[in-house]
Amino acid sequence: MNITRIGTGNMGSALARQLATAGHRLVITGRDTAKAQALARSVGAVARERGAADGAEVVIVATGYADAVAALSAAGDLAGTVIIDITNPLTADYTGLTLGHTTSAAEEIQTAFPQARVVKAFNTVFAQVLAAGPTLGGATVPVYFAGDDLAAKATVRAASRTRATSNRSPDSTSTSATARATARRSRRPGWASSRREPPHLDRLD
Ligand SMILES: NC(=O)c1ccc[n+]([C@@H]2O[C@H](COP(=O)([O-])OP(=O)(O)OC[C@H]3O[C@@H](n4cnc5c(N)ncnc54)[C@H](OP(=O)(O)O)[C@@H]3O)[C@@H](O)[C@H]2O)c1
């Protein structure tokens with residue numbers, strides 16, 4: 001799969017390593033070109049400064065939530081592209097959310113890019129866990145994802161499964177109540193808006 005990853009920090013580096021290991025064609029971009037080039041070299045990917053999203057089926061935004069829209073805007077034309085939003089819009093002291101309960105980071109990003117297809121994923125996995133690989137303590141690390149576009153979710157499922165869970169069956173789609181409960185448990189917002197169709201949450205393990 002052609003995947004563009006924005007951001008070269010903790011999550012961006014861990015994701016780059018796992019996605020490259022899984023055989024995806026990876027383009028890495030960031031606001032610091034030297035960092036993007038170094039990361040790309042270390043995982044066998046390509047670094048691109050302009051038009052990073054050109055030809056990408058999936059763009060993963062691995063910046064802080066506050067930087068996500070600007071970073072995505074700089075990546076190029078995102079019409080039809082699946083955006084994976086991994087952000088947690090946390091307050092500076094990590095004790096609360098800067099938005100949530102009536103809307104979510106993914107919904108706000110979807111509003112900013114109405115022609116893209118936003119899926120929330122990877123935000124419940126710590127960077128250190130992601131960097132270490134698909135298992136933790138002998139169990140496969142679950143990747144939860146949520147969104148309204150079934151085809152986009154299928155794309156994210158494929159990207160995630162080739163990373164870690166290619167030989168395991170996914171659980172069935174579950175309900176919005178589960179999505180909200182999971183978001184509360186992890187202190188991360190899921191799709192919790194009543195303005196939309198009931199959201200879906202999938203768990204891969
Ligand atoms: N860390 C975790 O365990 C974890 C787990 C789940 C989800 N998350 C979420 O994942 C996201 C990234 O977390 P992190 O720990 O990887 O943070 P981080 O290490 O601070 O990395 C953030 C990256 O975003 C880049 N960036 C900022 N503004 C940008 C822009 N306009 N264009 C391009 N790149 C830009 C930064 O560039 P510079 O290098 O130039 O500063 C940096 O590489 C956050 O939203 C966080 O909530 C984190």
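**Strand β9, the nonpolar core and the ligand shell**

Strand β9, residues 143-147, is mostly covered, with 5 of its 5 residues buried. Burial extends to both faces of the strand. Val143, Phe145 and Gly147 lie on one side. Tyr144 and Ala146 lie on the other. β9 runs antiparallel to β6, and 2 bridges join the two strands. Within β9, Phe145 stands opposite Ala121.

The model is predicted. Mean pLDDT for the protein is 83, and 79% of the residues reach 70 or more. Residues 163-201 stay under 50 throughout. For that stretch the model has 73 contacts beyond four places in sequence.

The protein has 7 helices and 10 strands. Of its 205 residues, 44% count as buried. Among contacts with a separation of 6 or more, 63% link residues 24 or more positions apart.

The largest nonpolar core holds 51 residues. Leu15, Ile28, Val59, Ile60, Val61, Ile83 and Ile84 touch the most other members. Helix α1, residues 10-21, provides the largest share of this core, 6 residues. Ile83 shows how such a position is surrounded. Beyond four places in sequence, Ile83 touches Val59, Val61, Leu72, Leu78, Ile109, Phe113, Ala116, Arg117 and Val118.

One of these partners, Ile109, is among the buried residues of helix α4, residues 105-112. The other buried residues of α4 are Ala105, Ala106, Glu107 and Gln110. Their cover includes α3 (65-73), β5 (82-85) and β6 (117-121). β6, part of this cover, is also the strand joined to β9.

Two further buried positions were examined, one in a loop and one in a helix. Ala62 lies in the loop between β4 (58-61) and α3. Ala62 counts as buried because 26 other C-beta atoms lie within 10 Å. Outside its sequence neighbours within four places, Ala62 is in contact with Arg5, Ile6, Gly7, Gly9, Met11, Gly12, Leu15 and Ile86. Ala62 and Gly30 are 32 residues apart in sequence, yet their C-alpha atoms are 9.4 Å apart in space.

Arg17 lies in helix α1. Arg17 counts as buried because 21 other C-beta atoms lie within 10 Å, and the cut-off is 20 or more. Leaving out neighbours within four places in sequence, the contacts of Arg17 are Val43 and Ala131. Arg17 and Ser42 are separated by 25 residues in sequence and by 8.4 Å in space, C-alpha to C-alpha.

The ligand is surrounded by 24 residues. The closest are Gly9, Met11, Asp67, Ala71 and Thr87. Gly9 and Met11 are also among the contacts of Ala62. Helices α1 and α3 each supply at least two residues of the shell. The contribution of α3 is the greatest, with 4 residues. By residue class, the shell divides into 9 nonpolar, 11 polar and 4 charged residues. Helix α3 thus has two roles in this description: α3 helps to cover the buried residues of α4, and α3 gives the most to the shell around the ligand. Helix α1 likewise appears twice, with the largest share of the nonpolar core and at least two residues of the ligand shell.

Methods:
Residues numbered from 1 in each chain as written. Predicted model: local features only at pLDDT ≥ 70, side-chain atom pairs only at ≥ 80, totals over all residues. pLDDT = per-residue confidence, 0-100. Contact = placed C-beta atoms within 7 Å. Buried ≥ 20, exposed ≤ 12 C-beta atoms within 10 Å, placed from the backbone. Core = buried A, V, L, I, M, F, W, Y, C linked by C-beta atoms within 7 Å. Near = placed C-beta within 6 Å. Nonpolar A, V, L, I, M, F, W, Y, C, P; charged D, E, K, R; others polar. Pairing = 2+ DSSP bridges.
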